[in-house]
Amino acid sequence: MNLISIPAYQDNYIWVLSQNDGKCLIVDPGEAAPVLTAIAQFGWQPEAILLTHHHNDHVGGVKELLQKYPALPVYGPQETANKGANHVVNEGDKIKLLGYEFTVIATPGHTLGHICYFSHPYLFCGDTMFSGGCGRLFEGTADQMYQSFSKLNALPEDTLICCAHEYTLSNLTFSLSILPHDPDLNEYYRKVKELRAKNHITLPTTLAEERKINVFLRTQDIDIIKAISKETTLQQPEQRFAWLRAMKDKF
Ligand SMILES: [Zn+2]
């Protein structure tokens, strides 16, 4: 399998998983034009579209792609049914595509119906987990997002986190405001800064890396507990998660 990212809008990535024979899956095509260009360039034959949630920068290209490929199955949560999804999927559903089995993981928080797709080692997680960060809570609660993160954190450590935005640098800038002396964070920040200076992608990341540098996965970490305790006393990891998300909103 080949994993390719197509940049879209300001900072979106449309992920494509393709086989050597050209058959491919397209994840969250927020725009059709860059996808159609890549299809022509690489000679792909789309097998399916996977949608994580209903926001336009993830589904905006679906209708145009369906005009070109009317028989294409489009998988997505119920909230994407009016955005072109013709196969509504739910938590625990298994989808066989390109000979691989994808498991649907419900991850409410960013939106209430948000789902991720996992087929080892690939995780398409939309706007749930970002490198060094977590999605904004547009519809769900911090507690829901914490539970969603816990589910993703239970996946194997070599899982490739294919998230939908290039937010890594700003996430790390925020994280360093919480943990300015953290060696892993500082090293990763330097690496990411170099990549972004050349306009290179910082994704996919791995779950193993995220466990080190993503403060939203480190709510049990003594350094995070100490940093937060300077500001407020929070006993539970989900409270620290909510505090971090609220601080990021203000950052
Ligand atoms: Zn979104």
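**Close-up views of a predicted model**

**View 1. Helix 5 passes helix 6 in a left-handed crossing.** The model shown here and in every view below is predicted. Helix 6 covers residues 183-197, and its axis lies 10 Å from that of helix 5. The two pack at an angle of about 150°. Angles over 145 degrees count as roughly antiparallel, so helix 5 is roughly antiparallel to helix 6. On the helix 5 side, the contact uses Thr168, Leu169, Leu172, Thr173, Ser175 and Leu176. On the helix 6 side, these residues meet Leu185, Asn186, Tyr188, Tyr189, Val192, Lys193 and Arg196. By class, the contact holds 7 nonpolar, 4 polar and 2 charged residues.

**View 2. Helix 5 also meets helix 9, in a right-handed crossing.** The axes of helix 5 and helix 9 come within 11 Å. They cross at roughly 115°. Helix 5 contributes Ser170, Asn171, Phe174 and Ile178. Helix 9 contributes Trp243, Leu244, Met247 and Lys248. This contact divides into 5 nonpolar, 2 polar and 1 charged residue.

**View 3. Helix 4 packs against helix 9.** Helix 4 spans residues 142-153, and helix 9 spans residues 237-250. Their axes are 9 Å apart, at an angle of about 110°. Angles of 65 to 115 degrees count as roughly perpendicular, so helix 4 is roughly perpendicular to helix 9. The crossing is right-handed. From helix 4 come Ala142, Asp143, Met145, Tyr146 and Phe149. From helix 9 come Pro237, Glu238, Phe241 and Ala242. Sorted by class, the contact of helix 4 with helix 9 has 7 nonpolar, no polar and 2 charged residues.

**View 4. Tyr167 sits in the loop between strand 13 and helix 5.** Strand 13 covers residues 160-163, and helix 5 covers 168-178. Tyr167 has a relative accessible area of 28%. Partly exposed means between 20% and 50%, so Tyr167 is partly exposed. Leaving aside residues up to four places away in sequence, Tyr167 touches Asp11 and Phe130. Ser131 is 36 residues from Tyr167 along the chain. The C-alpha atoms of Tyr167 and Ser131 are separated by 7.2 Å.

**View 5. Leu217 lies in the loop between helix 7 and helix 8.** Helix 7 runs over residues 207-213, and helix 8 over 222-229. The relative accessibility of Leu217 is 15%. Buried means under 20%, so Leu217 counts as buried. Residues up to four places away in sequence are not counted among its contacts. Leu217 touches Met129, Phe149 and Asn153. Leu217 also touches Leu207, Glu210 and Arg211. Phe149 belongs as well to the helix 4 side of the contact with helix 9. Val104 is 113 residues from Leu217 along the chain, and their C-alpha atoms are separated by 21 Å.

**View 6. The span 11-165 is annotated as a domain in UniProt.** An unreviewed UniProt entry lists these residues as "domain: Metallo-beta-lactamase". In the model, the end C-alpha atoms of residues 11-165 lie 5 Å apart. The span is 21% helix and 34% strand. Asp11, one of the residues touched by Tyr167, appears in View 4.

How values were computed: Residues numbered from 1 in each chain as written. Predicted model: local features only at pLDDT ≥ 70, side-chain atom pairs only at ≥ 80, totals over all residues. Heavy atoms only, no water. Helix = DSSP H or I, 4+ residues; strand = E, 2+ residues; numbered from the N terminus. Buried < 20%, exposed > 50% of the residue type's maximum accessible area, 1.4 Å probe, protein only. Contact = heavy atoms within 4.5 Å. Axes fitted to C-alpha atoms, helices over the stretch in contact; angles between N-to-C directions. Parallel < 35°, antiparallel > 145°, perpendicular 65-115°, else oblique. Left-handed = near helix turned anticlockwise from the far one by under 90°. Nonpolar A, V, L, I, M, F, W, Y, C, P; charged D, E, K, R; others polar. UniProt positions renumbered as here; feature names shortened; annotations may be inferred.
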